Amino acid sequence: MIWNICIRRPVFTIVIFLVVAIFGVYGYQQMPVQENPDVEFPYVSVTVILPGAAPEIIEQEIVEPLESEINAIEGIRVLMSTSRDQMAQIVVEFELWRDQDLAAQDVRDSVERARRELPEDAESPTVRKLDLDAQAIMWIALVGDERWDDTRLSEYADNVLRPQLETLRGVGQIMVGGGGNYAVRIRLDPKRLAAHGLTVQDVVGTIQSENVDVPSGRIEGPSREFIIRTKGQFSEAKPFNDLIITYRNGSPIRLSDVGEAVDGLRTERVLARFNGQPSSGLGIVKQTGANTVALAGLLKDSIEELADNFPPGLEYRMAMDSSEYIEENIRDLLITVLIASSLVIFVVLAFLRNWRATIVVGLAIPTSLLGGLAAIYVMGFSINTLTLLGMILVIGIVVDDAIVVLERNYMHMEMGVDPLPAARVGTTEVAFAAISNSLSLGAVFIPVAFTGGLIGRFFFEFGLTVAATVFMSTFVALTLTPMLCARVLKYKPNKGFLFQLSERHIRKLESGYAWILGKALKRRFLLIVIALFAFAMGIMALMNIPREFAADQDRSRFMLIIETPEGTTIEETDKFARKIEAMLEEDPNVSHQFLGLGMARRGIGQPNQGMAFVTLTPRQERDLHQFEIMQEYREKLAGLTEGRAFAVEITLTGSGGDPVQVVLKNPDLLELDRLQETVMEWMESRPELYVGIRTDLELNKPQLNVTIDRDRAAEMDVSVYEISNTLRYLFGEVDISKIEQQGERYDVLTDVIGRGEMTPNSLKDVYVRNKTGSLVSLDNLISFEETAGPSQINRYNRLRSATITTNTPPGVPMGDAVAALEDYLENELPPGTDYEMAGLSQIFAESFYYLSVTILFSIIFIYLVLAAQFESFIHPLTIMTALPLATVGAFGSLWLFGLNFNVYAFIGVIMLMGMVTKNSILLIDYTNTLVERGQTTADAAFIAAKERFRPIIMTAISTILGMTPIAIGFGAGGEARAPLGLSVAAGLISATFLTLLVIPVVYTVYDQIEKFFSSRFKGETKSR
């Protein structure tokens, strides 16, 4: 046996574990540090631009043909699309089993097949893998004094800082947000154009022919050659003003005569501020697998060095740093590891009252954890909240086998056996039970690692971390622990006063247990009734516990989503945003704020939308929880009349998210709008369940429908294309050329003078040229009507849809809100309208389903593993009788302390199943041994329970105390983990005390049943 080798060769054993420790320490230093495991989501997006097209045209001409082709791809879970002004975006969510690279290639092939059906003037479709985790881990805001306008801030961020920061190891992408990119704007005056007999196309044609950079070849001489570079391209706006458009009466008509060229921004419908100061932001996205904490530290050092060379008047501010919460969370989890380890060692010392024995058992903790770290490093995992949580949960477990081995060895030493033979014999006696314990726990956590759905992806590393560490602890208990027992452990027959005093109390406890057990074996029916009653109480508690996905965590930051009515200009939205900024500025709980307008969820270019990242002061410096502060802002913001603002949590992917999302589907937009209004009114009547209700379907965007009089246009020899193109160039901000400046290329855009002060009647001032060269006023060719239309058209699985999202008030479980909404929709939605829960609501339902399946498989695997080990189909049932005994503690504690049942609690229940079987295995294994030695079933059950009482109590208390820091919610993010720790600790308490009484009784009952059927079977065989 391996323990015999280790006992004989102590140096060999020490070397093995030194190597394991080295790899563990090395792995810990090399693994990336991040909040959550890296999870690849199989999402692919398709984006197509059709300049000047309305949402309805985008839907018909772009989305419909593309969706028709893409829909045939294998493994699509959800097909979503958004049609908005000039742009279509299709997002394909594939099943998790699909490889993202192959899925993206399938989408590219489908898009290529559909291109022949797209309009000729549509830009080439862009297909890319959509990485939901590719969110900025840090936002750096640049602020300047009066010498720095939006253009200069944006240019410095984009041209100077971004290239230098992008070279840092771990940086995947840097987004520049705020002022926008530099561009030259050609602002034209329709009246002055008409006065000079010119049209927009005349100006555009001149710029495109005069502002060019064409390779001109080379001149070759006898010994030298020269590259010819014709400098025909401008580098700034000013030279454009001198361009000659045409001549009138021998005099040149320049661009400055009909308009002006100015240095401006690519879009003037975007702005950003940091604490009220104009700003430009740098959003840093890390590479997949990069160390978030290390990268954030490197970025801070780099920007500090770069700041030393900033031009006068320019400064930077750290607007958002997600690594701070991650670093605090990881640090608190590491402290929890130390606390849990200390508590476990204290329990061992209190029971063993021998410092040598405590060292032997205590060494099992670091060796097992380092072995687990080495294993997860080899598997390519990271240091994150879930892998560290797995390490904490097993601290109380990893010493169990070592305690059992040491206790058995020490018992033989008390009987006068020398340390070496005592270690060999004692380890041999409990090795089978230790291996059974390890395999039963593995049978629980390996299914957790392979749980289906998104929850399975997140808990994959958790499950394998626990399984690897548990297997390592068994290896330690069967190798290092026996060797240390043989070499370090000493037996002293003369005990001190404190030992004798404590021993008397422990023996009294053992005697009391023996007396109760003896009574229980005589009243087996009563005890079974008590066990069934405890199980029923646990189930009743579960039925009354609210359900949620995860508890609210105080991350000290949240997001405000800002919306003003459709059609509102950026200036009016800014007035509304300044009122919100004033609220935040006055709040002592707010550390700083970073506001962006025109950068909302629906993308750049929506001037009526915005968002603000709000960073709160540290938790220890304020009295209110983050979600209480968010609720206060919901109430304050509800009083503003100029627009709406919603306080939302920043989700795992770094964007604002709401726990409740429902998608209504109906092909008729008007009917869909009516239904969503009905649903939202019902939700607003339930403020105890829903707050911050909003939708992505708006049919009130001001729209100007221009109708061309085709007969009149034909009469005047003007084409529809000429009219449409003229309007597009003047009002569509079209990219018509490029300039080069300091090695960078920038757009030249058309614009119109007077933007922001115009009315629909301004169209009457526009002229077009007919085929004979004469100018014709649009007033003679068109009519227009002011209407309202959709700001965007959304489709969900190829049906038009409206997504309603909402938050829940603090303390309201998501499960209650989702259940009430589903019940309403099932009863009230008319035929022809369907609905689906989406977002976190969908993940919530899916996660509970897959975790329920995982529990079922875990129970089956535990039974099969135990059946194979015990070579019996009955004894595993005896052992697994302990499983329902844990429910009263696990569910009862959650109900008693007012905690909700979430995915962490679910994982705790799964973990509990493996842990409670360990005590049963210890009892049944030794009971079987005594039966084989000739003891009766009842006597064997009684003696085994009495002798294993002490190690069972010791291991149970050590595990329970190891869970205590988690159960009390210690550290950052502790609110989410508390249900897990509490359910495991309380479940283990109830299971331990009931197991010590119920398992011996059930063993005797099952033995009688087995003998009864065995005798009947043998009797029937003989009669034949």
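Below are legends for a handful of close-up views of this predicted model. Local features need pLDDT of at least 70 and side-chain atom pairs count only at pLDDT 80 or more, while totals for chains, interfaces and linings use all residues. Residues are numbered from 1 along each chain as its sequence is written, and side-chain values use heavy atoms, with hydrogens and water left out.

**View 1. The largest cavity and its lining**. Searching the whole structure turns up 6 cavities of 30 Å³ or more, and the largest has a volume of about 60 Å³. A cavity here is a set of points, on a 1 Å grid over the protein atoms alone, where a 1.4 Å probe fits but cannot get out; lining residues have an atom within 4 Å of a point. Grid points are joined across faces, edges and corners, and the volume is the space filled by probe spheres set on them. The lining consists of I397, D400, M915, K918, N919, T955, A956, T959 and L988. Helices α14 (395–414), α29 (903–932) and α31 (949–967) each give two or more residues to it. Helices (H or I, at least four residues) and strands (E, at least two) are DSSP runs, numbered from the N terminus. By type, the lining splits into 4 nonpolar, 3 polar and 2 charged residues (nonpolar: Ala, Val, Leu, Ile, Met, Phe, Trp, Tyr, Cys and Pro; charged: Asp, Glu, Lys and Arg; polar: the others, Gly among them).

**View 2. A nonpolar patch on the surface**. I435, L439, I446, F450 and F471 make up a patch of about 430 Å². Patch members have over 30% relative accessible area and no salt bridge, and nonpolar side chains (Val, Leu, Ile, Met, Phe, Trp, Tyr) are joined within 5 Å. Areas come from the Shrake-Rupley method with a 1.4 Å probe; for residues, only the protein chains shown count as cover. Helix α15 (residues 419–449) gives the largest share, 3 residues. L439 sits in helix α15 and, with a relative accessible area of 35%, is partly exposed (buried is under 20%, exposed over 50%, partly exposed in between; 1.4 Å probe, protein chains only).

**View 3. A salt bridge within helix α5**. R162 pairs with D158, and their closest N and O atoms are 2.6 Å apart. To count as a salt bridge, a side-chain nitrogen of Lys or Arg must be within 4 Å of a carboxyl oxygen of Asp or Glu; the whole structure has 39 of them. Both R162 and D158 belong to helix α5 (residues 150–166), 4 residues apart, or about one turn of the helix. Both partners are buried.

**View 4. A salt bridge between two loops**. In the R622–D554 salt bridge, the closest N and O atoms are 2.9 Å apart. R622 is in the loop between β20 (609–616) and α20 (626–637) and D554 in the loop between α18 (524–543) and β16 (557–563), so this pair ties together parts 68 residues apart in sequence. R622 counts as buried at 7% relative accessibility, and D554 does too, at 3%.

**View 5. A partly exposed pair, K738 and D735**. These two form a salt bridge with closest N and O atoms 3.1 Å apart. K738 has 26% relative accessibility, and D735 has a relative accessible area of 34%.

**View 6. A salt-bridge network**. Salt bridges link E59, E64, E67, R795, R798 and R800.

Terms used. 1 Å grid on protein atoms, 1.4 Å probe; cavity = no way out; pocket = protein on both sides within 12 Å on 5 of 7 lines; lining within 4 Å. Patch = residues over 30% accessible without salt bridge, like charges linked within 9 Å, V, L, I, M, F, W, Y side chains within 5 Å.
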